[in-house]
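Me: I should like to understand how the descriptive terms used for a protein model are justified. May we go through them one at a time?

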Amino acid sequence: MSDSDIELRAESTSNYASLPKPSGDRQYSQDDETLRKLGKRPLLHRNFGFMSILGLSCTVMLSWEGILVTSVPSLLIGGPASVIWAFVINWVGFTSVYGVMAELASIAPTAGGQYHWVAMLAPQSCHKFLTYLTAWLSTLAWQANAVTASYLIATTLQGIVVLTRPDYIPLPWHTMLLIWANAVFAFVINSTAGRLLARFEGLILILHLVGFIGILVPLVYFSPHNQASDVFTVLYNNGGWPKQGLAFLVSLPSVGSSLIGADCAVHMSEEIQSAATAVPQALFYTIFINGSLAFAMIVALLFCITDLSAAEAAASTMFYPFLQIFQSGVKSTAGACVMASIILILAIAGGIGVYARNADVPAQ
């Protein structure tokens with residue numbers, strides 16, 4: 001399929017010429033011209049630059065924070081080595097996926113993202129059905145992502161409370177109320193302070209990087225360390241699977257979920273300056289930065305697990321073993337709470353970004 005065919009699939013030349021332009025003295029940027037060629041009318045203000053959209057995509061992905069949570073099933077089923085190598089495999093796979101998305105975003109930087117690309121590139125005989133299917137899958141996936149983010153925030157907060165007050169029993173209705181509170185908070189922020197979101201995300205990117213150092217350094221410095229062989233070679237099969245290889249494959253998806261979310265930059269394309277270049281760059285920088293930080297964090301965490309049985313037991317009382325690992329590593333409940341609070345703040349910021357991205361799903 002030639003480039004001219006792709007452009008014609010997006011919108012015919014006659015329709016492009018007939019699109020009304022907004023009145024006023026607004027200067028039409030190259031970004032807006034690109035949208036018109038794709039058959040879309042530019043309606044949104046382009047408040048995001050490269051650094052702000054990089055901050056948004058990094059905080060939505062939250063890999064080094066998320067790996068502390070998503071590694072729990074893999075650790076319980078397959079052991080430390082399963083977590084390490086499952087993450088490496090997922091990192092390589094997601095890099096290739098985001099590479100393809102970056103190329104497509106440079107051609108057609110629209111908020112529709114995947115379903116717009118399918119409409120452009122799919123065979124004429126089935127492109128309507130595939131576009132409809134892709135649009136709903138993308139929408140449902142991001143809605144599920146929003147709910148998951150709220151759940152993780154709620155349970156992390158409850159885990160911190162259990163860490164400080166062991167007599168507290170986190171009931172399910174407590175979790176549900178916290179999920180709703182987080183959803184309402186994210187909605188209010190996006191509704192009332194949307195124009196400040198770009199500046200806000202730049203600050204969160206700094207906290208994302210500084211917080212990584214603030215947690216990694218004390219954890220590694222104060223904790224006793226395991227042998228390298230215990231981290232990189234020890235595999236379990238606690239799930240009762242017939243073979244060790246199958247147990248490893250079962251552990252792959254949960255670890256990979258910490259690398260989901262960078263495509264939020266794609267769905268914010270119509271609010272980004274120089275989107276055809278900024279979005280692909282944000283995708284690559286996000287997967288490189290977050291992948292590197294997450295790999296370093298999970299290696300450090302596994303080296304610092306001195307009592308694996310206690311960490312596994314913490315999954316049933318504090319939801320997540322990393323809270324117990326922090327406490328036993330720095331030998332201070334207050335210090336562990338401060339470290340966990342950094343993760344909680346970043347998770348809340350990431351939740352705001354998830355809801356901001358969901359608001360940009362065009363109903364087309």
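Reply: Let us begin with one loop residue. Phe319 is found in the loop between α15 (308–317) and α16 (321–330). Please keep in mind that this is a predicted model.

Me: Why does Phe319 count as partly exposed?

Reply: The relative accessibility of Phe319 is 22%. Buried means under 20% and exposed means over 50%, with partly exposed in between. Phe319 therefore counts as partly exposed.

Me: What makes the phi of Phe319 worth a remark?

Reply: Most residues other than glycine have a negative phi. Phe319 is not a glycine, yet its phi is positive, at about 75°.

Me: Which value does phi take in Ser274, and where does Ser274 lie?

Reply: Ser274, a residue other than glycine, has a positive phi near 55°. Ser274 lies in the loop between α13 (264–267) and α14.

Me: Is Ser274 buried, partly exposed or exposed, and how do you know?

Reply: Its relative accessibility is 42%. Partly exposed covers what lies between under 20% and over 50%, so Ser274 counts as partly exposed.

Me: How are α6 and α7 oriented to each other, and why is that term used?

Reply: Helix α6 (residues 80–107) and helix α7 (residues 114–121) pack at an angle of about 75°, and their axes are 11 Å apart. Angles of 65 to 115 degrees count as roughly perpendicular. The two helices, α6 and α7, are therefore roughly perpendicular to each other.

Me: Which residues make this contact?

Reply: Helix α6 contributes Met101, Leu104, Ala105 and Ile107, while α7 contributes Gln114, Trp117, Met120 and Leu121. By class, the contact of α6 with α7 has 7 nonpolar residues, 1 polar residue and no charged residues.

Me: Which residues have the most contacts inside the largest nonpolar core?

Reply: They are Trp64, Phe322 and Phe326, in a core of 84 residues. Helix α14 (residues 275–303) supplies the largest share of this core, 15 residues.

Me: What does Phe326 touch?

Reply: Leaving aside residues up to four places away in sequence, Phe326 touches residues including Leu68, Ile215, Leu219, Leu301 and Ile343.

Me: How many helices and strands are there in the protein, and what part of its residues is buried?

Reply: The protein has 17 helices and 0 strands. Of its 364 residues, 48% are buried.

Conventions:
Residues are numbered from 1 along each chain as its sequence is written. This is a predicted model: local features need pLDDT of at least 70, side-chain atom pairs count only at pLDDT 80 or more; totals for chains, interfaces and linings use all residues. Side-chain values use heavy atoms; hydrogens and water are left out. Axes are lines fitted to C-alpha atoms, for helices over the stretch in contact, and angles run from 0 to 180 degrees between N-to-C directions. Helices (H or I, at least four residues) and strands (E, at least two) are DSSP runs, numbered from the N terminus. Angles under 35 degrees count as roughly parallel, over 145 as roughly antiparallel, 65 to 115 as roughly perpendicular and the rest as oblique. Contact means heavy atoms within 4.5 Å. Ala, Val, Leu, Ile, Met, Phe, Trp, Tyr, Cys and Pro count as nonpolar, Asp, Glu, Lys and Arg as charged, and the others, Gly among them, as polar. A nonpolar core is a set of buried Ala, Val, Leu, Ile, Met, Phe, Trp, Tyr and Cys residues joined through side-chain atoms within 4.5 Å. Buried means under 20% relative accessible area, exposed over 50%, partly exposed in between (1.4 Å probe, protein chains only).
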